[in-house]
Amino acid sequence: MRIRLIVAGLIVGLGSFGGVTATAASTSTLATPYRESELTNLKNVKPVSGSKTVTLDLVLNTRNSAQLTKTAYAVNTSGNKQFKSYLTPKQFRQKFGQSTTTTKRLAKYFKSRKFKVTTFNDGLIMQIKGSTAAVNKTFATNLKTATYHGKKIQFSKKSPKLPSNVAKPIKAVVGITNLAKMRSLADASSTSSDGPTSDGAPQNFLSQYNATSLAKGNDGKGQTIGIISFSKVNKNDITHFWSEEGVASSASRISVKTTGGMNIWGNVDPGNEETSLDVEQAGAIAPKAKIRVYTASLSDVGWLNAFATAFGENQASSLSLSWGLSEGVLQSLNREHLLTPLYGSIMNTLLAQGAIQGISTFAASGDSGAYGEELDSRGNTNEGIYANFPANNPWVTATGGTTLPVSGTLANGIKVDIPKERTWGGDELFDAYFQDKGFFKKNSDLMDTLQSGSGGGISELYATPQYQKGVSGVNTYNARQYLTASGLPRENPSLITGTASGRNFPDVVANADPLTGYDEYTSADGWELTGGTSVVAPQFAAMAAVINSGRSKRMGLWNPQLYALAQTSQSPFTKLDSATNNGNLFYVGQPGKTYNQAAGLGTLDFDQLAKVFK
């Protein structure tokens, strides 16, 4: 389980042009969230070296923005006259992006100021790369670094400015300011093994969810699966895994596209474990599909460029992301004047582009249950009930996790019995914990397991999407406070009911519990059995490729049809709606309802899905 928490370089928003008073030099101020006067306890303040290379993204205004959402729904909603009329990247730019005339004018301006300029073909993002001296001169900034509550940040005391005619088409500049933080949302244990295991074979996903015969007839041939990752690619590890698991093992199936960005003070995964896991799973389930890995530095610029590149190429018919960011962190940084609210809207436009082009995007829902982090005013982290970004976005299919039936005995002799598939949550081991607390407390991996589970909840960032409105269970919930404030198991928590409003996630679930997990191989760690919702996202991206290989038109965004089908007699879902023994450490099932925030719509019968999905 490799979900990562990223508080990468932050986004600098531009003021509205109509309300900006021009100076004598006719410039527009670009409002920056970092203001030195509001940052307390700054230490080691010093200028950024003038020769250091800085990479920025210019995010351009979306044309016809009112039509963006309507188009994304229309091309993915059965019965709409625009259904399946996906746009190409060129058509997307013509309708929603800035014109080539505008981007050429901007490119000429920034090149004249000694920047290297790359324009993405959606007409919405331009990357500029130049020295700190060039940034300071062009934007009238004075980039500095400092230690802020133990964390290194970059900021500018002066608000960045550009001439008004240059600033007009620009929505935001990304990368001028940043605060870097990365750690695992949950560090669930993995179990070493001597080689492939019968229980951990990725093909077990096919048999568990009735996809074996479907995959035999449609094996991903002619399709490309996109994997977005912020770690390295080791093709030898991946092909060794495939060979040992008995699937096509040619390295020619894998291609890598480096999408740029800038490392933020070591904020990068030094290994390749996440990428290997994602590619191994996707390539085993769709053995004739090509895999295109979009790698980027773990930063604000890298994040945007990875998606913009994947959608701009339009090679992948499905895309998987196994990294995420807590909404609590987004809220905290905005509250502390460290992040602009434009963050979510920029990503929303990018992800809508994928949906409009018919790309099925899957994002892991997270591995810490309903919980996410927030930052306090001193930069410390606390946990609360928060959604996970971008799994909370309406233009992705959020993949959560389950636990398969399993029975066994712990090393202390206590038996564990899970009789049927349920939402993955650490509460499955609470009975064992209460029988022998000392045994668990001596084992950090077991304690982590108690605090792990499938991400799910209700977003405060994105509104309830059209396809979820009116679905029973959406915006109502059952919950149990399984953990105390100190993160320890709570005995017999009472049922809580409530209502909220926003994008509900996950949409779908499948086996993700490390107790019932899958094989993984890296040369650094050897063979392991591992889990996490980051296993499920590439598995679903592979299933999209499997189904697409038998079709003339891409499946596109799954969600509008999934929610419609779940309410019919042809539903491909098995609901996990029990209010007991079925939680993600907070949310539990809603008996009789179509949807719940622990397990979404439920698990899929892929053979049935392929039959009824139009």
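What follows is a walk through the main features of this structure, from the overall fold down to single residues.

The model is a predicted one. Its protein has 614 residues, and 61% of them are buried. The secondary structure adds up to 18 helices and 34 strands. A good part of the contact map links distant stretches of chain: taking contacts with a separation of 6 or more, 79% are between residues 24 or more positions apart. On the outside, the accessible surface is about 22100 Å², and carbon and sulfur atoms account for 47% of that.

Next comes the inside. In soluble globular proteins, nonpolar side chains tend to be buried together. Here, the largest nonpolar core takes in 112 residues. The residues with the most contacts inside that core are Phe205, Ile225, Phe307, Phe540, Trp558, Phe606 and Leu609. Helix α16, running over residues 533–548, gives the core its largest share, 11 residues. A second core sits apart from this one and has 25 residues, including Tyr371, Phe430, Ile458 and Tyr482.

Phe606 gives a handy view of how the largest core is put together. Once neighbours within four places in sequence are set aside, Phe606 touches Phe205, Phe540 and Trp558, among others. Those three partners are also on the list of residues with the most contacts inside the core. The other contacts of Phe606 are with Tyr209, Asn210, Ala211, Leu214 and Met543.

Then there is the matter of open space. The second largest pocket holds about 650 Å³. Its lining is made of 28 residues, and Arg422, Asp427, Glu428, Asp431 and Asn581 are the ones nearest the centre. By type, the lining splits into 13 charged, 9 nonpolar and 6 polar residues. Strand β23 (415–418) and helix α13 (430–435) each put at least two residues into the lining. The largest share is that of α13, with 5 residues.

Some spots in the backbone also deserve a look, starting with two cis peptide bonds. One joins Phe389 to Pro390, with omega at about 10°, and Pro390 falls in the loop between β20 (388–389) and β21 (397–403). The other runs from Phe505 to Pro506, with omega near 5°. Pro506 likewise belongs to a loop, the one between β28 (504–505) and β29 (508–511).

Positive phi angles turn up at Asn314 and Leu585, though neither is a glycine. For Asn314 the angle is about 60°, and the residue lies in the loop that connects α10 (300–313) with β15 (318–321). Is Asn314 buried or exposed? Asn314 counts as buried, because its relative accessible area is 18% and the cut-off for buried is under 20%. For Leu585 phi is about 80°, and this residue is in the loop between β32 (573–574) and β33 (587–588). Leu585 is buried too, with a relative accessible area of 0%.

Finally, Ser345 belongs to helix α12, which covers residues 342–356. Its relative accessibility is 29%, so Ser345 is classed as partly exposed. Ser345 also shows how the chain brings separate stretches into the same region of the model: Leu461 is 116 residues away in sequence, yet the two C-alpha atoms are 9.2 Å apart in space.

Methods. Residues numbered from 1 in each chain as written. Predicted model: local features only at pLDDT ≥ 70, side-chain atom pairs only at ≥ 80, totals over all residues. Heavy atoms only, no water. 1 Å grid on protein atoms, 1.4 Å probe; cavity = no way out; pocket = protein on both sides within 12 Å on 5 of 7 lines; lining within 4 Å. Points joined across faces, edges and corners; volume = space filled by probe spheres on them. Helix = DSSP H or I, 4+ residues; strand = E, 2+ residues; numbered from the N terminus. Nonpolar A, V, L, I, M, F, W, Y, C, P; charged D, E, K, R; others polar. Core = buried A, V, L, I, M, F, W, Y, C linked by side-chain atoms within 4.5 Å. Buried < 20%, exposed > 50% of the residue type's maximum accessible area, 1.4 Å probe, protein only. Contact = heavy atoms within 4.5 Å. Areas by Shrake-Rupley, 256 points an atom, 1.4 Å probe, with all protein chains shown as cover.
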